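Reader: Hi! I'm new to reading structures, and I'd love a close look at the salt bridges in this one. Could you walk me through them?

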Amino acid sequence: MKHLIFTAFVGLMPLVGMPSWAHEGHMHQHQVQAQDNITVVVNLTRDRAPSAVMAIRFATISLERGNPTVIWLNSEGVRLADAKAKSSEASKALQEFISKGGKVYVCPHCANMLGVKELVKGAEFGKPDMVFGLLSEERVRIISW
């Protein structure tokens, strides 16, 4: 088990890019586009700061690096895409991510259970074929919060 956790952590190190997000979301001036050649999926299960905000900032940095980036909202995370919810730091960060071209997919079952019926502009309900297809691609890296 320790080996598995260490392997998972080491496998994520190239994605984390510690200096990139250690400075409150400020990118280095020598930003490298599409360096990673991967698709990043951020699996977000929470709707409150600091976890949700950090996850969305991580996704935004990945997007700014030129990586196709998707946020998959499930469990309580679906509330971030609720068009009727009041604004929060996390929902504002999600809107910024969408405005920069990021994709946001929302678990329809979780949304239904939590009463989320209408999504913010730019978010869409994930369909099983789309989500499973995305998650099974070879060059996809999944980060969970």
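Author: Sure, here's a walk through some of the salt bridges, pair by pair. Keep in mind that this is a predicted model. There are five salt bridges in the structure, and we'll look at some of them, including the one between Glu89 and Arg57.

In that pair, the closest N and O atoms sit 3.3 Å apart. Along the chain, though, the two partners are 32 residues apart: Glu89 belongs to helix α4 (residues 89-99) and Arg57 to helix α3 (residues 51-64), so this pair links distant parts of the chain. How buried or exposed are they? Glu89 has a relative accessible area of 49%, which makes it partly exposed. Arg57 is partly exposed too, at 27% relative accessibility.

Now find Lys100. Its side chain meets that of Glu64 in a salt bridge, with 2.5 Å from N to O. Lys100 lies in the loop between α4 and β3 (103-106), while Glu64 is in helix α3, so this pair ties together parts that are 36 residues apart in sequence. Lys100 is partly exposed, with a relative accessible area of 39%. Glu64 comes in at 21% and counts as partly exposed as well, because buried means under 20%.

Lys100 has another partner: Glu96 forms a salt bridge with Lys100, and here the closest N and O atoms are 3.2 Å apart. Glu96 is partly exposed, at 40% relative accessibility. Put those shared partners together, and Glu64, Glu96 and Lys100 are joined into one network of salt bridges.

Notes: Residues numbered from 1 in each chain as written. Predicted model: local features only at pLDDT ≥ 70, side-chain atom pairs only at ≥ 80, totals over all residues. Heavy atoms only, no water. Salt bridge = Lys/Arg side-chain N within 4 Å of Asp/Glu carboxyl O. Helix = DSSP H or I, 4+ residues; strand = E, 2+ residues; numbered from the N terminus. Buried < 20%, exposed > 50% of the residue type's maximum accessible area, 1.4 Å probe, protein only.
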